[in-house]
Amino acid sequence: KLLCVRGNCDSEVDQMVLEFPIMADYALLAYNGGKLFATHGHLYNTETPPLLQAGDILLNGHFHVPCHKLMQNGAYYINCGSAALPKDGSPHSCILFKDNTLYYYDLQTGEVFDTFAL
């Protein structure tokens with residue numbers, strides 16, 4: 001199942017040509033007794049976070065740089081980087097989330113360049 005959220009460059013015109021919804025600002029998923037808040041990052045990020053609790057996850061990609069850290073409130077901040085336009089010398093990247101571990105993949109080499117266990 002495909003789950004998408006709206007980015008800062010997505011518009012109603014984009015939605016007209018797609019067969020799946022992309023216009024939600026965020027998606028809220030149950031995860032491990034808490035929540036995973038998936039968003040592009042231009043509205044909700046570490047400087048303007050949603051209401052999260054310790055153990056919750058804020059997932060975004062707007063800043064185009066892979067990152068993972070624990071925020072002051074005990075929630076995790078996860079940035080997948082960018083598949084198309086990476087910044088700050090980071091690789092073209094994506095994340096695979098499996099068995100409570102994040103695997104950061106370099107899309108040009110296919111290699112895992114970072115992991116983060118939750």
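Guide: Before we start, two strands pair if DSSP finds at least two bridges between them. Keep in mind too that this is a predicted model.

Visitor: Okay, then how many bridges do E6 and E7 pair over?

Guide: Two bridges would already be enough to call the strands paired. One of the matched positions is Cys94, which stands opposite Tyr105 in E7. The pairing runs in the antiparallel sense, and the number of bridges is six.

Visitor: What sits in the turn of that E6 and E7 hairpin with a positive phi?

Guide: The two strands are joined as a hairpin with two residues between them. In that turn, the residue with a positive phi, about 50 degrees, is Asp99.

Visitor: And E7 on its other flank: how many bridges tie E7 and E8?

Guide: One pair to look up is Leu102 with its bridge partner in E8, Phe116. E7 and E8 also go antiparallel, and their bridge count is five.

Visitor: So which strands stand at the edges of the sheet?

Guide: The sheet is open and has three strands, in the order E6-E7-E8. Its neighbouring strands are turned by 20 degrees against each other on average, ignoring direction. An edge strand here has a single partner, so one side of it is left without a neighbour in the sheet. That describes strand E6 (93-98) and strand E8 (112-117).

Visitor: Let's go inside. Which strands each supply at least two residues of the largest nonpolar core?

Guide: Nonpolar side chains in soluble globular proteins tend to be buried together. Here the largest such core has nine residues, including Ala27, Leu36, Ile57 and Leu102. The strands supplying at least two residues each are E1 (26-31), E2 (34-39) and E7 (101-106).

Visitor: How many residues does the second, separate core have?

Guide: Look for Leu52, Leu58, Met71 and Ala75, which are among its members. Counting the whole set, the second core has six residues.

Visitor: What does Leu102 touch, leaving aside neighbours within four places in sequence?

Guide: Leu102 belongs to the largest core, and its bridge partner in E8 is Phe116. Once the sequence neighbours are set aside, the contacts of Leu102 are Ile78, Ile95, Leu96, Phe97, Asp114, Thr115 and Phe116.

Visitor: Thr101 also lies in E7. Is Thr101 buried or exposed?

Guide: Away from its close sequence neighbours, Thr101 is in contact with Leu96, Thr115, Phe116 and Ala117. Its relative accessibility is 14%, and the cut-off for buried is under 20%. So Thr101 counts as buried.

Visitor: Now charges. How many salt bridges does a search of the whole structure find?

Guide: Side chains of opposite charge can pair when their charged atoms come close. One example joins Asp25 and Arg6 at 2.6 Å, N to O. Across the whole structure, the search gives two.

Visitor: How many residues apart in sequence are Asp25 and Arg6?

Guide: Asp25 counts as partly exposed, at 28% relative accessibility. Asp25 lies in the loop between helix H1 (12-17) and E1, while Arg6 is in the segment before H1, so the pair ties together parts at a separation of 19 residues.

Visitor: And what does Asp56 form a salt bridge with?

Guide: Asp56 is buried, with a relative accessible area of 4%. It sits in the loop between E2 and strand E3 (57-60), and its partner is in strand E2, 21 residues apart. That partner is partly exposed at 23%. With the closest N and O atoms 3.3 Å apart, the partner is Lys35.

Visitor: The loop between E2 and E3 also holds Asn45. Which residue has its backbone nitrogen 2.9 Å from a polar atom of the Asn45 side chain?

Guide: Asn45 counts as buried at 9% relative accessibility, and it touches Leu58, Asn60 and Phe63 beyond its close sequence neighbours. The backbone nitrogen of Thr48 lies 3.1 Å from a polar atom of the Asn45 side chain. The one at 2.9 Å belongs to Glu47.

Visitor: Last one: what separates the C-alpha atoms of Gly55 and Leu96?

Guide: Gly55 is found in that E2 to E3 loop and is partly exposed at 34%. Outside its close sequence neighbours, Gly55 touches Gly74, Ala75 and Tyr76. Leu96 is 41 residues away along the chain, and the C-alpha separation is 19 Å.

Technical notes. Residues numbered from 1 in each chain as written. Predicted model: local features only at pLDDT ≥ 70, side-chain atom pairs only at ≥ 80, totals over all residues. Heavy atoms only, no water. Core = buried A, V, L, I, M, F, W, Y, C linked by side-chain atoms within 4.5 Å. Buried < 20%, exposed > 50% of the residue type's maximum accessible area, 1.4 Å probe, protein only. Helix = DSSP H or I, 4+ residues; strand = E, 2+ residues; numbered from the N terminus. Contact = heavy atoms within 4.5 Å. Axes fitted to C-alpha atoms, helices over the stretch in contact; angles between N-to-C directions. Salt bridge = Lys/Arg side-chain N within 4 Å of Asp/Glu carboxyl O. Polar contact = N/O pair within 3.5 Å; in protein donor to acceptor, adjacent residues only side chain to side chain.
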